[in-house]
Amino acid sequence: MEPMSGPYYIRGAVALPEAELTWRFTRSSGPGGQHVNTSDSQAELRFDLARTQALPEVWKRRALERLANRLVDGAVLVVRASEHRSQWRNRETAAVRMASLLAEATAPPPPPRRKKKMPRGINERRLRQKKQRSEVKRGRTGRGWD
């Protein structure tokens, strides 16, 4: 088996740990003629998120929380790729997809939004326009509009 083309970096110097990845290959569905019936070109990549030592503890907690609905047995992240005809390209696609999923899931939360005070002029203008509008509408009631 050929080595994969990269370390696939999640963020910074943290990469997908080759030793903790489990690969499985099956037959792809879809078109492809006689070739597709004989080759296992669909790639399935599994990564045990709960047991990994490669991710910092904070990242691991974040990822387990954010990817909870995608995890199998509450701990294993599974990614499948079958869009290419060659197993090699599907492996690459699955690994890249896994790395980007983990990068997104381990990203720090965005900074909290700071509430800013509304400028007084804006508020006064809004109230003035409301008053004008109500005057216009009040002028329509009664005389001559029946």
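Begin with the aromatic rings, where the count comes to one aromatic pair, rings of Phe, Tyr and Trp (its six-membered ring) being paired if their centres lie within 6.5 Å, with planes under 30 degrees apart counted as stacked, over 60 as edge-to-face and the rest as tilted. Select W23 and F25: their ring centres are 6.0 Å apart and their planes lie at 5 degrees, so the pair is stacked. The model is a predicted one, in which local features need pLDDT of at least 70 and side-chain atom pairs count only at pLDDT 80 or more, while totals for chains, interfaces and linings use all residues. Residues are numbered from 1 along each chain as its sequence is written, and side-chain values use heavy atoms, with hydrogens and water left out.

Keep W23 in view and add R91, which lies over the face of W23 at 4.7 Å from the ring centre; a charge sits over a ring if NZ of Lys or CZ of Arg is within 6 Å of the ring centre and within 35 degrees of the ring normal. Then select R11 and W59, where R11 lies over the ring face at 4.4 Å from the ring centre.

Move next to strand 6, residues 76–81, helices (H or I, at least four residues) and strands (E, at least two) being DSSP runs numbered from the N terminus. Five of its six residues are buried, so strand 6 is largely enclosed by the rest of the structure; buried means under 20% relative accessible area, exposed over 50% and partly exposed in between (1.4 Å probe, protein chains only). Strand 4 (residues 42–48) pairs with strand 6 in the antiparallel sense over six bridges, where pairing requires that DSSP finds at least two bridges between two strands. Within this pairing, A43 stands opposite A81. On selecting strand 5 (residues 71–72), one finds an antiparallel pairing with strand 6 over two bridges, in which L71 has L77 as its bridge partner.

Finally, display the charged side chains, among which a search of the whole structure finds eight salt bridges, each a side-chain nitrogen of Lys or Arg within 4 Å of a carboxyl oxygen of Asp or Glu. In strand 4's neighbourhood of the sequence, select E44 and R46, which form a salt bridge with the closest N and O atoms 3.1 Å apart; E44 counts as buried at 4% relative accessibility, whereas R46, at 25%, counts as partly exposed. Adding R24 and R80 to E44 and R46 displays a network of salt bridges.
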